[in-house]
Amino acid sequence: MRFRSSNTPHDHFFAQLMSRKPVAHAVFGRFMPDDLRVQADLSLIEPVESKHISDDGTVLYNDVLYRCPLLSGQMVYFFAMAEQQRDPERFMPLRMGKYDIGTFEDCFRQNCKHLPIILHFVFYNGHVPWPYSTAFDDYYADPVLGAKYFHIAPFILINIPEYRLEMIQEDKELGFCFGAFYASTQPDPYKTFADLMNVPSFEEHIRCLPVEDKYIVARYLGHLVSRKKYALKDVVDLVSNNTKQGEDIMISIAQTYERAALRRGREEGIQTGMQKGRREALSQTAQYMLNSLHLGLEQVQQATGLSRKMLEKLAL
């Protein structure tokens, strides 16, 4: 339940990654405390939709929230968020506290018998080292006294800039996530990820990924690379195993842009706006597929439903 005034490629990438159960399973299994790990059957994790309204009417959303039962019957919630800001946020534990309160309120509304345990995982990918404590208690002048009267457990900081490249290259579960995050902080994300692909273990890891994961990585890197130097096809070629797979990924990305444009049209709230939004979306998608992705007329016609005559006009 994060304050949402805008969405960034980093938010989308993180949300798409963590919405995939194998990725969430790997993250939580690796970073959760040992005393909880031995009690949790992570095969039972399930995503939880959480939306809360603050006292001032602001809508709060969680970034990613999962839950899982423990052997003791206690429920544990895993809250994961991405912190991509250049400068670390000093009062991150306070934000964690706001999220906890909203989750507790949901439990009360659902007549839960017990409050859940909540673990916070913060993926940090900023440009400077994280200088602040992850523990709420440390923000008191007297941490011992503060912990006695109010306590929130430390969040788990997954500090990506501190990962050595060798760790990313050899990681068989999360290498593609950390590799893309790492590339996003470099002056040339494309070259950085291409250099990672020159490492045999990392390349093998990427080649074996499900196509859905490759799509997520390609779409994310496509937002970050310089379009003056690289086409989207260059990025897709990095992660795809063959021409057919690359074309499928590019079409999926183009269709994502179309759906986003359609949503904008629907938000105008009137039928005329929706129809206009759909026409504009289809035209923009077709132009992008023809002129940026360099797909053939038949492929574009199949994906958009536009006439061949219209597509010939849109082609440069």
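Leaving aside its neighbours within four places in sequence, which residues is Arg20 in contact with? In this predicted model, the partners of Arg20 are Tyr66, Pro210, Glu212, Asp213 and Ile216. Arg20 sits in the loop between α1 and α2. With a relative accessibility of 21%, Arg20 counts as partly exposed, because that class begins where buried, under 20%, ends. One of its partners, Asp213, is 193 residues away in sequence, yet the two C-alpha atoms are 8.7 Å apart in space.

**The whole chain**

Let's step back to the overall picture. The protein has 316 residues, and 47% of them count as buried. Its secondary structure comprises 15 helices and 8 strands. Among contacts with a separation of 6 or more, 63% are between residues 24 or more positions apart. The accessible surface comes to about 16,800 Å², and carbon and sulfur atoms supply 53% of that area.

**Helix α1 beside helix α10**

Helix α10 covers residues 211-224, and its axis comes within 10 Å of the axis of α1, crossing at roughly 175 degrees. The angle is over 145 degrees, so α1 is roughly antiparallel to α10. On the α1 side, the residues involved are Pro9, His10, His12, Phe13, Gln16 and Leu17. They meet Tyr215, Ile216, Val217, Arg219, Tyr220, His223 and Leu224 of α10. Sorted by class, this contact has 8 nonpolar, 4 polar and 1 charged residues. Ile216 is worth a second look: it belongs to the α10 side of this contact, and Ile216 is also among the contacts of Arg20.

**Aromatic rings**

How many aromatic pairs does the structure hold? There are 19 aromatic pairs, and two of them are set out here.

| Pair | Centre to centre | Angle between planes | Arrangement |
|---|---|---|---|
| Phe13 and Phe181 | 5.2 Å | 70 degrees | edge-to-face |
| Phe28 and Tyr66 | 5.7 Å | 70 degrees | edge-to-face |

The Phe13 and Phe181 pair links distant parts of the chain, with Phe13 in helix α1 (residues 9-18) and Phe181 in helix α7 (residues 175-184), 168 residues apart. Phe13 and Phe181 are buried. The Phe28 and Tyr66 pair also links distant parts of the chain: Phe28 lies in helix α2 (residues 21-31) and Tyr66 in strand β5 (residues 64-69), 38 residues apart. Phe28 and Tyr66 are buried too. Tyr66 brings us back to the opening, as Tyr66 is one of the residues that Arg20 contacts.

Phe13 and Phe181 also belong to one aromatic cluster, together with Phe14, Phe123, Tyr163, Phe178 and Tyr220. Within that cluster, Phe13 and Tyr220 are familiar from the contact of α1 with α10.

**The enclosed helix α7**

Is helix α7 largely enclosed or largely open to the outside? Helix α7 is largely enclosed by the rest of the structure, because 9 of its 10 residues are buried. The buried residues are Gly175, Phe176, Cys177, Phe178, Gly179, Ala180, Phe181, Ala183 and Ser184. Phe178 and Phe181 from this list are the cluster members met above.

**Asn111, out in a loop**

Finally, a backbone detail to look for. Most residues other than glycine have a negative phi. Asn111, although not a glycine, has a positive phi of about 60 degrees. Asn111 is placed in the loop between α4 (92-109) and β7 (117-124). Its relative accessibility is 69%, which is over the 50% cut-off, so Asn111 counts as exposed.

How values were computed: Residues are numbered from 1 along each chain as its sequence is written. This is a predicted model: local features need pLDDT of at least 70, side-chain atom pairs count only at pLDDT 80 or more; totals for chains, interfaces and linings use all residues. Side-chain values use heavy atoms; hydrogens and water are left out. Helices (H or I, at least four residues) and strands (E, at least two) are DSSP runs, numbered from the N terminus. Buried means under 20% relative accessible area, exposed over 50%, partly exposed in between (1.4 Å probe, protein chains only). Contact means heavy atoms within 4.5 Å. Accessible areas come from the Shrake-Rupley method with a 1.4 Å probe; for residues, only the protein chains shown count as cover. Rings of Phe, Tyr and Trp (its six-membered ring) pair if their centres lie within 6.5 Å; planes under 30 degrees apart count as stacked, over 60 as edge-to-face and the rest as tilted. Axes are lines fitted to C-alpha atoms, for helices over the stretch in contact, and angles run from 0 to 180 degrees between N-to-C directions. Angles under 35 degrees count as roughly parallel, over 145 as roughly antiparallel, 65 to 115 as roughly perpendicular and the rest as oblique. Ala, Val, Leu, Ile, Met, Phe, Trp, Tyr, Cys and Pro count as nonpolar, Asp, Glu, Lys and Arg as charged, and the others, Gly among them, as polar.
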